[in-house]
Amino acid sequence: MLQLTDFIIDCPDPMKLAAFYAAVTGHPIKNSHDKDNWASIAFGEIELAFQRVDGYRAPHWPDDEHPKQFHLDFEVDEIEPEQRRVVELGATLQKDFIGPEGYGWRVYTDPVGHPFCLCRNKGVTWTDKGVVFPY
């Protein structure tokens, strides 16, 4: 049996980064026995976890010297209000891939440099001939 249980993100301050993602997602931080070194947020059976790493070096998207190694995608109904919210929480907009139809994604970095995307793809059908938009 194999079951994914955690997605773990290295960072300098687990509680601080967990608080950022708790505010972004609306999911609470779980109680931890070692709050200095570990924090997590439950999403059903899978947890998004944050682990302290001494000497942490942030990725620099899209720089290959310190590559991103992973990123998170969050599907949203509307990009603009969510962008305002995540930027107020400490995110930084890096790149915009929203097309003229209003679909696509924007790349942000969290307060310690990990990239994540706000995506607007709901209703889009992906086919081998391209994207079919819902209008």
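No disulfides turn up in this chain: the count is 0, where a disulfide is a pair of cysteine sulfur atoms within 2.5 Å. Cys117 is in no disulfide, and the nearest cysteine sulfur, that of Cys119, sits 5.2 Å away. Cys119 is likewise in no disulfide, with the sulfur of Cys117 as its nearest cysteine sulfur at 5.2 Å. Cys117 is buried, with a relative accessible area of 6%, and Cys119 counts as buried at 5%. Here buried means under 20% relative accessible area, exposed means over 50%, and partly exposed covers what lies in between (1.4 Å probe, protein chains only).

A word on the ground rules. The model is a predicted one, so local features need pLDDT of at least 70 and side-chain atom pairs count only at pLDDT 80 or more, while totals for chains, interfaces and linings use all residues. Residues are numbered from 1 along each chain as its sequence is written, and side-chain values use heavy atoms, with hydrogens and water left out.

As for the overall layout, the chain holds 2 helices and 9 strands. These elements are DSSP runs numbered from the N terminus, with helices (H or I) of at least four residues and strands (E) of at least two. Followed along the sequence, the pattern reads β-α-β-β-β-α-β-β-β-β-β. Of the 135 residues in the chain, 34% are buried. The accessible surface comes to about 8400 Å², and 52% of that belongs to carbon and sulfur atoms; such areas come from the Shrake-Rupley method with a 1.4 Å probe, and for residues only the protein chains shown count as cover. Counting contacts (heavy atoms within 4.5 Å), 51% of those between residues at least 6 apart in sequence join residues at least 24 apart.

Helix H1 takes in 12 residues, 14–25, which at 1.5 Å a residue should span 16 Å, and its end C-alpha atoms are indeed 16 Å apart. The expected span used here is 1.5 Å times one less than the number of residues in the helix. The buried residues of H1 are Pro14, Leu17, Ala18, Phe20, Tyr21, Ala22 and Val24. What covers these buried residues includes strands S1 (6–11), S2 (38–43) and S3 (46–52), along with S4, H2 and S7. Just after H1 comes Gly26, which takes a positive phi of about 80°.

Leu17 also shows up in the surroundings of Val112, a residue of the loop between S6 and S7. Leaving aside residues up to four places away in sequence, Val112 touches Cys11, Pro12, Leu17, Tyr56, Ala58 and Pro59. Val112 and Cys11 are 101 residues apart along the chain, yet their C-alpha atoms are separated by 7.0 Å.

Two of the strands that help cover H1, S2 and S3, are also partners of one another. They run antiparallel and are joined by 6 bridges; strands are taken to pair if DSSP finds at least two bridges between them. Phe43 has Ile46 in S3 as its bridge partner. The hairpin of S2 and S3 has 2 residues between the strands, and Gly44 takes a positive phi near 70° there.

Charged side chains come next. Side chains of opposite charge can pair when their charged atoms come close. Salt bridges number 5 in this model, each being a side-chain nitrogen of Lys or Arg within 4 Å of a carboxyl oxygen of Asp or Glu. One of them pairs Arg120 with Glu78, the closest N and O atoms being 3.8 Å apart. This pair links distant parts of the chain, 42 residues apart: Arg120 is in strand S7 (residues 115–120), and Glu78 is in the loop between strand S4 (72–75) and helix H2 (79–89). Arg120 counts as buried at 19% relative accessibility, whereas Glu78 is partly exposed at 45%.

Arg106 forms a salt bridge with Glu80, and their closest N and O atoms are 2.9 Å apart. Arg106 lies in strand S6 (residues 104–109) and Glu80 in helix H2, so this pair ties together parts that are 26 residues apart in sequence. Arg106 also forms a salt bridge with Asp96, with 3.0 Å between the closest N and O atoms. Here the link runs from Asp96 in strand S5 (residues 92–98) to Arg106 in S6, 10 residues apart. Through shared partners, these salt bridges join Glu80, Asp96 and Arg106 into one network. Within that network, Arg106 is buried, with a relative accessible area of 10%, while Glu80 is partly exposed at 40% and Asp96 is partly exposed at 40%.
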